[in-house]
Structure formats: structure tokens, C-alpha cells
Amino acid sequence: MWDEKGTEYLDMYGGHAVISIGHTHPYWVSAIETQLHQIAFYSNSVIIPIQSRLAEKIGTVSGKQDFQLFLCNSGAEANENALKLASFVTGRKKIIAFTKSFHGRTSLAVAATDNPSSIIAPVNETDNIIFLPFNDEQALKACFEKEGDTIAAVIIEGIQGVGGIRVASNSFLQSIRSLCDKHGALYIADSVQCGYGRTGQFFAHDAAGVDADIYSMAKGMGNGFPIGGILIAPHIAPKYGMLGTTFGGNHLACAAALAVVEVMDNENLLASAASHGAYLMDALSKIPQLQNVRGRGLMIGFDVADEIKDLKKVLLQEFKVFTGEAKPNVIRLLPSLAITKEEIDIFLDRLQKAIQSLL
Ligand SMILES: Cc1ncc(COP(=O)(O)O)c(C=O)c1O
């Protein structure tokens, strides 16, 4: 990226994991331009063929061919629809969410977000959300044993993003699957930040080897063009009128999203995210000043010790590198899945220099 003075920056954050195939990728630009000259928008009162093409392509690349796709405009909206659908389908009201979760800022999504002090307004407060400790199988089991017949859904990020890059263990995700099956609840995989190829698999939850009932997606889906969606398992039959939207799935958004998933496929970006992510994480683990390097693929976090607490600021201002943060002391890396090894090496070099400048 370049600023107004022509200064070049390396983007290791992609505006919160949004830039998946690279800023202004020419294929994506051309797909949007072409669509713009045809038709930008018509409502879902007519059949929009590019939606079907997008659904088919996401099905193939994600390996969830038999799932249905509902399209909306953001991650919060995707989770809102996922939670609402789970309640409709089960006829129940309670939702299990986890400590340090972030699911968005609409009413139910924010209620399932573990941040009571700053982003939940009084009107969003509800007794329908049960917060349990993250990765605690015993607490989950005990909760289901106590009130399993009231639980509509469990919602969980495969890797918590805003919460500080906290990885859900495979056995925890497997327990969610089996407890949901046993008690008739739905498993919602919030894949807004950790999904869409970021970890090297299409969904971070895939690492556990189980299918969720609903996957929510947004961020990387449009490479910056606003679009979100949910993938719905075949055993769920949404009824006409349950979910709806004016803008969701419009022609222009679908053109952008279709271009993204085609580029991911054509350029093998999932494999690349896996191998480049492993290379980056290995190199970061060898830097003594960085603590608890963690994550998977190109979703990586580490703790910054007090002596280098200004690292993020220095990286941006002096070394021209964008990174992200999670309070209080975590740096989050969420670069484009198309990042090259050479760019990673440039980052590592600037990172080491930034650390040295602070010691
Ligand atoms: C895991 C997760 N879910 C949902 C959201 C909300 O997405 P949006 O900001 O597009 O509404 C975010 C945004 O950071 C997120 O990280």
C-alpha cells in the first residue's frame, strides 16, 4: 500500500483479515468493473444467476457441496441470521457462547459477544446467552446436562480473533459436535475472521474433522467488497420467509466474491496460507522477545512484553508495516493469503529491527 506521499507500506493485517487475495487484485477489479457495466443491483425478488455460481464455487472450494448458502452484507449479520435460524429450527431460545468471544455488533451477535462493559447496550442484554469458559470441556458438558433441552445453539470461533488469537482445541470442537447431536442443538462455526482459507483449510473448524451445522462468513469473502453469508447444513430446511434481505447477494457483491473464490482456487491460496503461515510462525517463534507465538496458517498472534510495548506503533511509523492488535498486549497478523515468502522475509527483517530499536 502507498500513502498520499507515495510512501510504501507492507500490510500484515489486511484491514482486520479482509484483504484475502491482495489489494486491487486485477482479476477482482476486472470482475467488478465488468459486472458494473451490466447491472449492479436488483433485489432478491428475481433469481440472480451469479448467486448460484457463487454458491456452487464456495461449495466446491470449501468441500461443503451439499450445504445451502444465504447471503448478507457483514459478519454481524451473518451471525445474527445463524443464531436466528438455530432458534427457528430448534424452537429454543438459549445460546452458548464463550469467554473472549466476538461475534459482531447487531443485537443477538453483540449479546453473544463477551464484552459487557463497552459494546453491549442495555437493550441488547438478555438471559438467553450462557457464557462458558473457552476450551473447557467439563463446563460445556455440565451445562448441557443441566439445561440441554433449552439450548438452541453453540456459537464459537475456530480461532478467536478479537479475543487475542486463542485456538479452540480439536477435542473441544469435537465435544461441541457430539453434545449438540446428543441434545438437539446446532453448532454454529463463526468463521468470519478465522475462515475463508485463512488457516490453510477453508474453515478453521475443519481441523477438528467435524462439520458444523452453520458456518458464518464475511471479511475475506469479498476482499474488501462488503458481503457476508451463512452456509447451512442439508439437514436444516429454512422455510420461505425465515431469512431475508434487500442488499444481500446483490450482483456486484456476488461478482466480487466469485472473483475472490476463483482466485483462491486458481492461485492455490489455501496451500500457500498453510505453508507460508508455518514458515512465518516458525521464524517468529525463534525471536526471543516475542512470547506465546500461536495461531494457524496466516492467523498468527504473539504477546508483546512490556519492554517493547510500543512495537506496533514503531512498526507502522518507522518501519512502514501495518499490524493489528488485541488488548492488552497482543499483536495480530492477518495478511493477504497471497503474501509471498519474500514479503514475509521483509516483514521479519523490519520486525527484528523494530525490536532492536526499542531495547
Ligand atoms: C469472529 C468475528 N465474528 C463477527 C465479526 C463481525 O463482523 P462485521 O464487522 O463484518 O460485522 C467479526 C469482526 O471482527 C469477527 O472477528
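**Reading burial in a predicted model**

Author: D206 counts as buried because its relative accessibility is 17%, where buried means under 20% relative accessible area, exposed over 50% and partly exposed in between (1.4 Å probe, protein chains only). This is a predicted model, in which local features need pLDDT of at least 70, side-chain atom pairs count only at pLDDT 80 or more, and totals for chains, interfaces and linings use all residues. Residues are numbered from 1 along each chain as its sequence is written, and side-chain values use heavy atoms, with hydrogens and water left out.

Reader: Where is the place of D206, and with which residues is D206 in contact?

Author: Helices (H or I, at least four residues) and strands (E, at least two) are DSSP runs, numbered from the N terminus. D206 lies in the loop between β8 (186–190) and β9 (214–217). Contact means heavy atoms within 4.5 Å; leaving aside neighbours within four places in sequence, D206 is in contact with K64, Q201 and Y215.

Reader: How should one read a helix, and which residues of α2 are buried?

Author: An α-helix has 3.6 residues a turn, so residues three or four places apart point the same way. In α2, the buried residues are W28, I32 and Q35. They cover an arc of only 65° around the axis (taken from the directions from the helix axis to the C-beta atoms), which puts them on the same side of α2. P26 and H37, on the other side of α2, are exposed.

Reader: What covers the buried residues of α2?

Author: The cover includes α3 and α8 (251–266).
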